[in-house]
Amino acid sequence: METQRLRIAMQKSGRLSQDSQALFKSCGLKINLREQRLIAHVENMPIDILRVRDDDIPGLVMEGVVDLGIIGENVLEEVQLIRASQGLPFEVKTLKQLDFGGCRLSLAVPEDVTYTGPQSLAGKRIATSYPGLLKRFFDEKGLGFKSVMLGGSVEVAPRAGLADAICDLVSTGATLEANGLKEVEVIYRSKAVLVQAPNPLSDAKQKLIDKLLPRIQGMQQARE
Ligand code: ATP
Ligand code: ZN
């Protein structure tokens, strides 16, 4: 049975958690997220907040298991590319780009390596958690490469002899520097976005969303 409460998925713990929580708060949602629960009930509105790993959010929204989700564009775009490569659709509605979660997906090579452009990496091994976005970049340049898929610790791959370069998320560059790497190419720029499930929602849920969106808009304008 479909719940009448609007369900919103957010990252449980990580780089998007605090800002997502702050966004809800600024929209007037009263939530107690201190308890380590999967689902938090909003006290003053018919909304439930589901706290999960960020990687689970695109699937949950796509399937309509939740009505809304806050997720990095990088994850959304990657899922879409991987599904497209398998001939599968990926439909979610992007309602709003948010003003947090900013980062870039970049190519980085060991500091002592000479880089003169993407062709410097032709045929090389590149470690990444984003094989779809990486492949699109090299496809557009007409260059080949070998993808080394790593779910984490991507930045240690060159030193460990697993790869010649990496393609990873960067915000300040401190992690790269600490691992003896230099950023040589930005291949994707990302922010967090609010997404909605593809199928129409009940009138009550849609009305609630229509009430929340201007609040988010107002909040972001005030912060600019
Ligand atoms: P989870 O345990 O939920 O899977 P995670 O380790 O995959 O967490 P985080 O590192 O918390 O994810 O990053 C979540 C999102 O935050 C990224 O997908 C990206 O959109 C954004 N982000 C912003 N800055 C950075 C950064 N410097 N490094 C990585 N991600 C960043
Ligand atoms: Zn993740």
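Of the 224 residues that make up the protein in this predicted model, 43% count as buried. The secondary structure comprises six helices and 11 strands, and the C-alpha trace spans about 55 × 35 × 30 Å along its principal axes.

Helix α4, which covers residues 131-141, offers a view of how burial varies within a single element. Leucine 133 lies in this helix and, with a relative accessibility of 3%, counts as buried. Phenylalanine 138 is likewise placed in helix α4, and its relative accessibility of 0% puts phenylalanine 138 in the buried class, since a residue is called buried when its relative accessible area is under 20%. Two other positions of the helix fall into the partly exposed class, namely aspartate 139, at 45% relative accessibility, and lysine 135, at 44%. Arginine 136, with a relative accessible area of 28%, is also partly exposed. In terms of C-alpha positions, phenylalanine 138 and leucine 121 are separated by 9.5 Å, with their places 17 residues apart along the chain taken as the sequence separation. For leucine 133 and lysine 93, a sequence separation of 40 residues goes with a C-alpha to C-alpha distance of 20 Å.

A search for salt bridges over the whole structure finds eight, including two that involve helix α4 and are described here in turn. In one of them, aspartate 139 is paired with lysine 135, and the closest N and O atoms of the two are 2.7 Å apart. Because these residues stand four positions apart in helix α4, about one helical turn separates aspartate 139 from lysine 135.

In another, the side chains of arginine 136 and glutamate 77 meet with an N to O distance of 2.8 Å. This pair joins distant parts of the chain, as arginine 136 belongs to helix α4 whereas glutamate 77 belongs to helix α3 (residues 73-85), 59 residues away. Glutamate 77 is partly exposed, its relative accessible area being 22%.

A further salt bridge connects two strands. The side chains of glutamate 183 and arginine 104 come together in this bridge, at an N to O distance of 2.7 Å. Here too the partners come from distant parts of the chain, with glutamate 183 in strand β10 (residues 181-190) and arginine 104 in strand β6 (residues 103-110), at a separation of 79 residues. Glutamate 183, at 29% relative accessibility, counts as partly exposed.

The bound molecule, ligand 1, is surrounded by 17 residues, of which the closest are Arg15, Arg53, Asp55, Asn74 and Ser171. Helix α3 and strand β9 (165-170) each supply at least two residues of this shell, and helix α3 is also the element that holds glutamate 77 of the salt bridge described above. The space that ligand 1 takes up is the largest pocket.

Several side chains place polar atoms close to atoms of the ligand. A polar side-chain atom of serine 171 lies 2.6 Å from a nitrogen atom of ligand 1, while glutamine 11 brings a polar side-chain atom to 2.8 Å from an oxygen atom of the ligand. In the case of aspartate 54, an N or O atom of the side chain is 2.9 Å from an oxygen atom of ligand 1. Taken alone, ligand 1 exposes 630 Å², and 79% of that area is buried by the protein.

Two loop positions complete the description. Glycine 64 is found in the loop between α2 (57-62) and β4 (68-72) and is partly exposed, with a relative accessible area of 37%. Although glycine 64 and proline 200 are 136 residues apart along the chain, their C-alpha atoms are separated by 9.7 Å.

Serine 153 occupies the loop between β8 (146-149) and β9, and at 47% relative accessibility this serine counts as partly exposed. The backbone of serine 153 has a phi near 50 degrees, a positive value in a residue other than glycine. Such a value deserves mention because most residues other than glycine have a negative phi.

Technical notes:
Residues numbered from 1 in each chain as written. Chains lettered and ligands numbered in written order. Predicted model: local features only at pLDDT ≥ 70, side-chain atom pairs only at ≥ 80, totals over all residues. Heavy atoms only, no water. Salt bridge = Lys/Arg side-chain N within 4 Å of Asp/Glu carboxyl O. Buried < 20%, exposed > 50% of the residue type's maximum accessible area, 1.4 Å probe, protein only. Near = heavy atom within 4 Å. Polar contact = N/O pair within 3.5 Å; in protein donor to acceptor, adjacent residues only side chain to side chain. Areas by Shrake-Rupley, 256 points an atom, 1.4 Å probe, with all protein chains shown as cover. 1 Å grid on protein atoms, 1.4 Å probe; cavity = no way out; pocket = protein on both sides within 12 Å on 5 of 7 lines; lining within 4 Å. Sits in = over half its atoms within 2 Å of the grid points.
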